Structure formats: C-alpha cells, structure tokens
Amino acid sequence: MRAFRAGLRWKLSGAIAAVSALVALLLSLIVHNAARVTMISNSRDVQDERLRSAERIYELNERLALGAQLNDPELPEPLRLAVEEGERATYVSDNGDDAPDVWAATELPGGGVLSLHSRFTDRYSVLADLDRTLVVGAGTVVVGSTALGVLVGGQLSRRLRKAATAAGRVAAGDAEVRVRDAIGGRGQDEADDLARAIDAMADALQARLDAERRVTADIAHELRTPVTGLVTAAELLPPGRPSELVRDRAQVLRTLVEDILEVARLDGAAERAELQEIALGEFVGRRVRALDPQAVVEVLGDAVVTTDPRRLERILGNLLANAGRHGAPPIEVTVDGRRVRVRDHGPGFPAELLVEGPSRFRTGSTDRAGQGHGLGLTIAVGQARVLGARLTFRNAEPGAAATLHLPANAPVGGG
C-alpha cells in the first residue's frame, strides 16, 4: 500500500486548524470563567441585599422572611467563623452542579445568626446557553480557518507543483520553459522567488552548455581540415604494414571529428528532417543488407511512414555498428509496424546506459574498454529526436535490444 504523503496544503491546513482550535478553546475557557465569576459576584450581592431586607423585617416584628433561618445548623463553617468575628459575610459552596449554593449570614444585635441559603438556578441556566454558543462559535471558527488554510495552502501548493513540473522539464532539456510563466501570476511571494532563482540557474546552465557546444564544434571544425589533409597524405604512403596503420588511425581520427561535428549540430537543435514517404519494411531490409549482410531481417508488419531516409539510415547504421562492435552474433533486425528493433546476443547494455541513456565518450563496461568513443548511440538518439521518434534500450536474454519508435505523424516543422 502506498504511504500517504501529506502535502503542503494539508500541513498548512492542519497547522491552522490546530492553532484555531487552541485559540478558540482558550478564549472559550476565559469567557466561561469570566461569566461565571461575574454571575457569582452578582449572586453574592443579591443574596446580601436579601439578607439586609430579612434582617430589617426580623428586627421590626421578629418574623423570618424571604426564606431566612435563625441559627441554621447547616451553616458552612467558614461563614460561621466570619459571622462570629462580627462580619456580615457571604459564602459560595460549589456542589458540583451548574448552580452553586450562595449563603449570606449576619449576627443579630440580640444574639443569634440570621442566614439565607439559595441557589440561583435561573441565573446559571444562562451560563449553559453561553457555553453552547461558545462551542458553536469555536467550531465555526475552526471550520472557517481550516477552509481558509485549504484555500491558501492549495494555491501555494499548486504554484509549487507547477514550479516543480517546469523545473523537471528544464532538467529534461527543454530550454524554452520558464518557471515564472508556468506558475502564473506575479505575486511577490516565496514561490515567485523560487521561480526566479530556477530561471536564473537554467539560463546560466544553458549559457554554459551553449558555450561548451560552440567550443566543441569550433575545435572539431578546426581539426577537420588538417585531418582531411592527413588522410590524403596517408593515402600517398607506399604500401606496407606501417602505412596501413597510419591510414587506419587517420581514418579513425577523421570519423571521430565528423561524429563530434554531428553531435554538435544535433545539440544545437537546428537540424531539420527532409521528409519522404517510404515503405519501412522494404527500406530497412535493403539498408541492413548493405550495412551488415550478416544481420537477419524479419518484417512482422510493414507500414508506410513519413520520415527522413538519410537520418533513418544513419540510425540503423549506428545501431548495427554498436551491436557488431559490442554484442555478439546473430544480429536480428525486426520491423513491426512503425517499430524497428535491433538485437544482438552479447553481454547486453551496461546498467548506466539503461538508467541515464547514451553518453558521449563513455563506452560502458570494462568489456568494451578501448572500443569506440561512445558517440554512435548518442548520434542515434539525436537523429531520432530530429525525426520525432523515440529510441529505447533494454537488455534481452541474452543480448541487448534497441527499439526505434517512429511517430504516426510527420514531425512538426520537419524537425
């Protein structure tokens, strides 16, 4: 089961809900206690006024009125002690109910203690209504603040997710993407600061990559003329084993320079495909027989595709060369609709290539040390991109398989 990942929206909403609930609880307790203290104070005052009235009536006709009692045996001890010291006093005893017992007592001039004992239940029923109102209000505040947190957190979360998506596209090589445009709005917040920082970093990295590509292309271009002269001069050497070695190495150097120039052109994204309609099965069979007569071609399903034949032949040639150099026979080429698969029966692709894709000047495992420059598959991937196609790599049992997926429609703009 996939673990739940709490996003920024829910973390922010949860924090706001928790703070709102805590504040509402504290305010409710403060209001409840303040109201209770006020009611108790008012009850004391009312009970004291009633005691004064009962005392005047008793002094006039010695009649107990208003529920007064003389020398009540249930008089609380603290109140009794206060009266014995000559004080008129009130006392509140909390019996656990909502309405406490309110006592008032005073000493009569002729001796004896006159007291009143009442419970102001009607007054304290208001406190219960107040508590219900506080609960409803606190719940409303928590729900409202949580909804506000979801709204604000959702907006911020959406902006950050858009920024993450745009940054992923930048990391994938889309130099036209700008994070600030992707997140929308021009709010001066942390998401906008993050977008500006990512855009600045992307611009700096793109400038460095462009500079490196220009340097690579310039170096290869400057080497092209002397290398061509070197190849021509090598052809003039007298026959012999030393001359063959010189011609072979000069040709390798010339191929390397041409490959570097091609990689630089593909990296510049200026290449455009010259599109034609071809029968894919017939085209692949004819080109494979010319490139590698030992390869086995099988057409499972033919299709007519619109593509650049020259670039498609270049991809096939590089895949066959890679299979012949690093794999083992038999080499099988399979055409199935718009898919072309080249498979060998060697040790397979290295793990780094399967994870990261082809990388220039990296030939993979130690089994391939000293063989090639790692540019063949890089060029194949670049040419596939120009064709609007997709080139995938995987290991078979045994061997390695590279599959070219040609698009159903011609590439937009011819590249």
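**Exercise 1. A charged pair at the start of helix 8**

Is Arg311 buried or exposed? Work out the setting of Arg311 and of its salt-bridge partner.

*Solution.* The model is predicted.
- Step 1. The relative accessible area of Arg311 is 3%. Buried means under 20%, so Arg311 is buried.
- Step 2. The salt-bridge partner of Arg311 is Asp308, with the closest N and O atoms 3.3 Å apart.
- Step 3. Asp308 has a relative accessibility of 3% and counts as buried.
- Step 4. The structure holds 4 salt bridges, and the one between Asp308 and Arg311 is one of them.

**Exercise 2. A link between two helices**

Find which residue forms a salt bridge with Arg287, and state which parts of the chain the pair ties together.

*Solution.*
- Step 1. Glu313 is the partner of Arg287; their closest N and O atoms are 3.2 Å apart.
- Step 2. Arg287 belongs to helix 7 (residues 280-291), whereas Glu313 belongs to helix 8 (residues 309-326), so the salt bridge ties together parts 26 residues apart in sequence.
- Step 3. With a relative accessible area of 30%, Glu313 is partly exposed.

**Exercise 3. The chain as a whole**

Describe the protein chain by its helices and strands, its buried share, its contacts and its exposed surface.

*Solution.*
- Step 1. The protein chain has 10 helices and 11 strands.
- Step 2. Of its 415 residues, 35% are buried.
- Step 3. Take the contacts with a separation of 6 or more: 63% of them are accounted for by residues 24 or more positions apart.
- Step 4. The exposed surface is about 24,100 Å², and carbon and sulfur atoms supply 56% of this area.

**Exercise 4. The sheet of five strands**

Give the strand order of the open sheet, name the edge strands, and say which helix packs on the sheet, touching strand 8, strand 9, strand 10 and strand 11.

*Solution.*
- Step 1. The sheet has 5 strands in the order 6-8-9-11-10, with mixed pairing.
- Step 2. The edges are strand 6 (296-301) and strand 10 (390-395); each has a single partner strand, so one side of each has no neighbour in the sheet.
- Step 3. From one strand to the next, the twist averages 15°.
- Step 4. Within the sheet, strand 9 (residues 339-343) pairs with strand 11 (residues 400-405) in the antiparallel sense, over 5 bridges. Arg339 stands opposite His405 in strand 11.
- Step 5. Helix 8 is the helix that packs on the sheet, in touch with strand 8, strand 9, strand 10 and strand 11. The direction of helix 8 makes about 25° with that of strand 9.
- Step 6. Helix 10 (residues 376-386) lies across strand 10 and strand 11, and runs at about 140° to strand 10.

**Exercise 5. Around strand 8**

Locate Thr334, list what it touches, and follow one of these residues, Arg339, to its salt bridge.

*Solution.*
- Step 1. Thr334 sits in strand 8 (residues 332-336), and at 11% relative accessibility it counts as buried.
- Step 2. Leaving out residues up to four places away in sequence, Thr334 touches Glu298, Leu300, Arg339, Val340 and Arg341.
- Step 3. The side chain of Arg339 meets that of Asp336 in a salt bridge (3.2 Å, N to O).
- Step 4. Asp336 is partly exposed at a relative accessible area of 31%, and Arg339 is partly exposed at 41%.

**Exercise 6. Helix 2 and its cover**

Which residues of helix 2 (residues 77-84) are buried? Show how they are placed around the axis and what covers them.

*Solution.*
- Step 1. The buried residues are Leu79, Ala82 and Val83.
- Step 2. Around the axis they cover an arc of only 100°, which puts them on the same side of helix 2.
- Step 3. Their cover includes strand 2 (89-93), strand 3 (101-107) and strand 4 (113-118).
- Step 4. Just after helix 2 comes Gly86, with a positive phi of about 85°.

**Exercise 7. A loop residue**

Place Ala65 in the chain and list its contacts beyond the neighbours within four places in sequence.

*Solution.*
- Step 1. Ala65 is in the loop between helix 1 (8-61) and strand 1 (69-70).
- Step 2. The relative accessible area of Ala65 is 10%, and the residue is buried.
- Step 3. Beyond those neighbours, Ala65 is in contact with Ala54, Ile57 and Leu116.
- Step 4. Leu116 is 51 residues from Ala65 along the chain, and their C-alpha atoms are separated by 9.7 Å.

Conventions
Residues numbered from 1 in each chain as written. Predicted model: local features only at pLDDT ≥ 70, side-chain atom pairs only at ≥ 80, totals over all residues. Heavy atoms only, no water. Buried < 20%, exposed > 50% of the residue type's maximum accessible area, 1.4 Å probe, protein only. Contact = heavy atoms within 4.5 Å. Areas by Shrake-Rupley, 256 points an atom, 1.4 Å probe, with all protein chains shown as cover. Arc of directions from axis to C-beta. Pairing = 2+ DSSP bridges. Axes fitted to C-alpha atoms, helices over the stretch in contact; angles between N-to-C directions.
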